[in-house]
Amino acid sequence: MSNTMSDNTFYFSSEATSLIKNYVGSTFIIKYGGSAMKNETFQYNLIQDISLLYSLGVNIVLVHGGGHIIDTWLEKLNIDICFQDGLRMTDSASIEVIEMVLSGKINKKLVSLFSKNDISATGISGKDGNLVIASSISQTTTNLTGQIDNVNPQIIHTLLKDGFLPIISSLGLGENGETYNINADTFASSLAVAINADKYILVTDTPGILMDITNPNTLIKKINIDQIDRLKIDGNISGGMIPKLDSCVNAVKNNVKSAHIIDGTLKHSLLYELFSYKRVGSMVVL
């Protein structure tokens with residue numbers, strides 16, 4: 001019997017049960033962002049699904065963005081918002097707001113939500129424990145949009161070993177103590193590589209990779225990196241999807257077994273992607 005769902009329950013088929021056995025003890029990096037973060041119902045459903053994975057013995061590391069909330073606060077403070085090739089450009093005025101929103105507001109809210117499910121979650125940023133050392137993507141002192149120079153995953157290994165679920169905001173620490181804003185997809189991918197994760201999963205607000213970006217029925221459920229390159233050349237991948245797919249390619253090229261892009265606005269999409277061979281999103285492989 002295939003998986004079915006009611007308003008409140010995801011039912012496990014024999015297929016799903018078999019897959020669960022394969023995942024026990026695995027480590028998944030989940031990146032959370034997009035409209036799936038805006039809607040409280042979507043957020044509640046995802047927290048429930050991640051909590052279930054945790055209870056089944058999967059090691060979870062959650063990396064989050066929060067661009068829509070950042071934009072709201074920047075607009076309130078009359079700070080310009082600028083993007084280039086899908087990446088936010090960050091100056092000294094905006095970085096203070098970004099850190100406040102990511103680490104102070106969003107991160108601690110997620111910790112609280114997991115705590116309600118009796119999950120031992122711990123909120124940190126890439127600055128903690130020298131997790132991520134970064135520098136400017138443009139090699140200037142004024143652009144605080146960061147690129148990752150080094151990942152030291154010791155703090156993550158320690159937290160996972162002690163049974164915690166790390167929740168991480170995508171900030172990095174400069175060699176002179178600067179705070180860098182790092183694209184959350186890039187951040188999560190680099191972390192997945194550094195801790196040798198079994199899966200890298202992006203929970204966003206799109207169905208996955210589409211052959212025709214105007215038609216959700218053209219979802220590509222399995223794709224390799226050569227096919228991704230062709231889609232880029234054909235112009236089927238643009239904007240914010242570029243760093244998402246680049247992060248997937250980086251992960252699978254560096255020994256992460258598979259990367260997935262799923263729609264967090266679809267109830268139980270995470271469970272269907274993991275516990276059904278049919279899946280509901282896009283899986284990137286070598």
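**Helix α5, its neighbours and selected loop residues**

Ser26 counts as buried, at 10% relative accessibility (buried denotes under 20% relative accessible area, exposed over 50%, and partly exposed the range in between, with a 1.4 Å probe and protein chains only). The structure is a predicted model, in which local features need pLDDT of at least 70 and side-chain atom pairs count only at pLDDT 80 or more, while totals for chains, interfaces and linings use all residues. Residues are numbered from 1 along each chain as its sequence is written, and side-chain values use heavy atoms, with hydrogens and water left out. Ser26 is located in the loop between α1 (14–23) and β1 (27–32) (helices are DSSP runs of H or I with at least four residues, strands are runs of E with at least two, and both are numbered from the N terminus). Along the chain, Ser26 and Lys244 are 218 residues apart, and a distance of 22 Å separates their C-alpha atoms. Within helix α1 itself lies Thr17, which is partly exposed, its relative accessible area being 37%. Thr17 is 174 residues from Leu191 in the chain, with 28 Å between the two C-alpha atoms.

Helix α5 spans residues 92–116 and contains 25 residues. From the first C-alpha of α5 to the last, the helix reaches 36 Å, close to the expected 36 Å (the expected span is 1.5 Å times one less than the number of residues). A kink of about 30 degrees is nevertheless present in α5, centred on Asn107 (the bend at a residue is the angle between axes fitted to the seven residues ending there and the seven starting there). Asn107 also belongs to the buried residues of α5. Further buried positions in this helix include Ser94, Ile95, Val97, Ile98, Val101 and Leu102, and also Ser103, Ile106, Leu110, Val111 and Phe114.

Both ends of α5 show local features. At the start of the helix, a side-chain oxygen of Asp91 comes to within 3.2 Å of the backbone nitrogen of Ala93; this is a polar contact (a pair of N or O atoms within 3.5 Å; within protein, one must be able to donate a hydrogen and the other to accept it, and residues adjacent in sequence count only if both atoms are side-chain atoms). Following α5 is Asp118, with a positive phi near 60 degrees.

Two helices cross α5. The axis of α3 (residues 40–55) comes within 10 Å of that of α5, and the two cross at roughly 60 degrees (axes are lines fitted to C-alpha atoms, for helices over the stretch in contact, and angles run from 0 to 180 degrees between N-to-C directions). Helices α3 and α5 are therefore oblique to each other (angles under 35 degrees count as roughly parallel, over 145 as roughly antiparallel, 65 to 115 as roughly perpendicular, and the rest as oblique). The crossing of α3 with α5 is right-handed (the near helix is turned clockwise from the far one, whereas in a left-handed crossing the near helix is turned anticlockwise by less than a right angle). For α4 (residues 67–76) and α5, the axes come within 10 Å and the crossing angle is roughly 130 degrees. Helix α4 is thus oblique to α5, and their crossing is right-handed.

Helix α9 (residues 241–253) comprises 13 residues and extends over 18 Å between its first and last C-alpha atoms, close to the expected 18 Å. Its buried residues are Met241, Pro243, Lys244, Leu245, Ser247, Cys248, Val249, Ala251 and Val252. Asn255, just after α9, has a positive phi of about 80 degrees.

Most residues other than glycine have a negative phi. Asn78, in the loop between α4 and β3 (83–84), has a positive phi near 55 degrees and counts as exposed at 71% relative accessibility. Arg279, in the loop between α10 (269–275) and β16, likewise has a positive phi, of about 60 degrees, but counts as buried at 12% relative accessibility.

Strand β16 (residues 282–285) includes Ser282, a buried residue at 0% relative accessibility. A polar side-chain atom of Ser282 lies 2.8 Å from the backbone nitrogen of Ile209, and the backbone oxygen of Ile220 is 2.6 Å from a polar atom of the Ser282 side chain. Gly208 is situated in the loop between β11 (199–204) and β12 (209–210) and is buried, with 3% relative accessible area. Gly208 and Ser269 are separated by 61 residues in sequence and by 11 Å from C-alpha to C-alpha.
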